[in-house]
Amino acid sequence: MTPIKLYNKLFSLYGAQGWWPVRSEFESRGYHPNKFGLPATKKGKFEVCLGAILTQNTSWLQVEKALDNLFAAKINTPEKILKTDNETIATLITPAGYRNQKTMYLKNIAHWFLNGSVQRDELLNVKGVGRETADSILLYAFHLPTFVIDTYTKRTLAAFGIFEEKTDYETLRKWFMDNLKPSVELFQEYHALFVEHGKNQRLGCH
């Protein structure tokens, strides 16, 4: 099965998803189906960076709780993250788990956001930023056409007999990048569809 055929199959099942949620720019929980221009502000872009760090090894529902706390405390800009003491941030992000580790990672990403360049290699050198996190930030915050591979992607590809689930990240990313026309809209929707499909499979839906 080709990447575009798999995309069409998933889209026919679930429709437009509206990822990455940007609550600072869109109502309710921040999902914005068929609106690919978001985030359009510095605040929104950094919100995606926060979420990309916080979602490591936890569910998005827990991330939303942590983001709620940060927004309520008005500690949701890179400047505020860097100026706030570690214990305060750790307490606020407790719902997302690994609070002390993620506090340091949030400080690292805030420093990069203010001082770094939007380059994949540079972003991967930020402590706490792996391939999935980097590609999520580049694709969703900065609208660069890079493909995100996550656990749901690997499981879905394995279920369809396309790749083994243990296939490494860059091999899978290259397969999508080589066989699809570079498109921020397509790559965003595709990744979101993998997430939705993965959640449904986990719940036993087919």
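In this predicted model, lysine 199 and glutamate 196 sit 3 residues apart in helix α11, about one turn of the helix. Their side chains meet in a salt bridge, with a distance of 3.7 Å from N to O. An α-helix has 3.6 residues a turn, so residues three or four places apart point the same way. Both partners keep some contact with the outside: lysine 199 is partly exposed, with a relative accessible area of 29%, and glutamate 196 is also partly exposed, at 22%.

Helix α11, which covers residues 184–202, also holds an aromatic pair, tyrosine 190 and phenylalanine 194, placed 4 residues apart and thus separated by about one helical turn. Here the surroundings are those of the interior, as tyrosine 190 is buried with a relative accessible area of 0%. Phenylalanine 194 likewise counts as buried, at 0% relative accessibility. The ring centres of tyrosine 190 and phenylalanine 194 are 5.0 Å apart and the planes meet at 10 degrees; because planes under 30 degrees apart count as stacked, this pair is a stacked one.

Aromatic contacts recur in the rest of the model, and the structure holds 19 aromatic pairs. One of them joins phenylalanine 147 to phenylalanine 176 in a stacked arrangement, 4.1 Å from centre to centre with 0 degrees between the planes. This pair links distant parts of the chain, given that phenylalanine 147 belongs to the loop between α8 and α9 (151–159), while phenylalanine 176 belongs to helix α10 (residues 169–179), 29 residues apart. Are these two rings buried or exposed? Phenylalanine 147 is buried, with a relative accessible area of 0%, and phenylalanine 176 is buried too, again at 0%. Both stacked pairs belong to one aromatic cluster, formed by Tyr7, Phe11, Phe147, Phe163, Trp175, Phe176, Phe187, Tyr190 and Phe194.

Charged contacts can be followed in a similar way. Side chains of opposite charge can pair when their charged atoms come close. The count for this model comes to 14 salt bridges. In one of them, the side chains of arginine 23 and glutamate 64 meet at 3.8 Å, N to O. Arginine 23 lies in the loop between α1 (3–14) and α2 (42–54), whereas glutamate 64 lies in helix α3 (residues 60–72), so this salt bridge ties together parts that are 41 residues apart in sequence. The two partners fall on either side of the 20% cut-off for burial: arginine 23 counts as partly exposed, at 21% relative accessibility, and glutamate 64 is buried, at 8%.

A further salt bridge connects arginine 120 with aspartate 135, and the closest N and O atoms are 2.7 Å apart. Arginine 120 is part of helix α7 (residues 120–124) and aspartate 135 is part of helix α8, so the contact ties together parts that are 15 residues apart in sequence. Arginine 120 counts as buried, with 17% relative accessibility, as does aspartate 135, with 0%. The two residues also take part in a wider arrangement, in which salt bridges that share partners join Arg120, Arg131, Asp135, Glu170 and Arg173 into one network.

Helix α8 itself, spanning residues 131–141, has 9 of its 11 residues buried, so this helix is largely enclosed by the rest of the structure. Its buried residues include Asp135 from the salt bridge described above, together with Thr133, Ala134, Ser136, Ile137, Leu138, Leu139, Tyr140 and Ala141. Just after α8, histidine 143 adopts a positive phi of about 55 degrees. Valine 129 occupies the loop between α7 and α8, where this valine counts as buried, at 7% relative accessibility. From C-alpha to C-alpha, valine 129 and valine 63 are 16 Å apart in space, with their positions 66 residues apart in sequence.

Turning to the surface, which residues gather in a patch of positive charge? The patch is formed by Lys43, Lys74, Lys80 and Lys83. Lysine 80 is located in helix α4, residues 78–83. This lysine 80 is partly exposed, with a relative accessible area of 39%.

Notes. Residues numbered from 1 in each chain as written. Predicted model: local features only at pLDDT ≥ 70, side-chain atom pairs only at ≥ 80, totals over all residues. Heavy atoms only, no water. Patch = residues over 30% accessible without salt bridge, like charges linked within 9 Å, V, L, I, M, F, W, Y side chains within 5 Å. Areas by Shrake-Rupley, 256 points an atom, 1.4 Å probe, with all protein chains shown as cover. Salt bridge = Lys/Arg side-chain N within 4 Å of Asp/Glu carboxyl O. Lys, Arg positive; Asp, Glu negative; His and termini not counted. Charge placed at Lys NZ, Arg CZ, Asp CG, Glu CD. Helix = DSSP H or I, 4+ residues; strand = E, 2+ residues; numbered from the N terminus. Buried < 20%, exposed > 50% of the residue type's maximum accessible area, 1.4 Å probe, protein only. Phe/Tyr/Trp six-rings, centres within 6.5 Å; stacked < 30°, edge-to-face > 60°.
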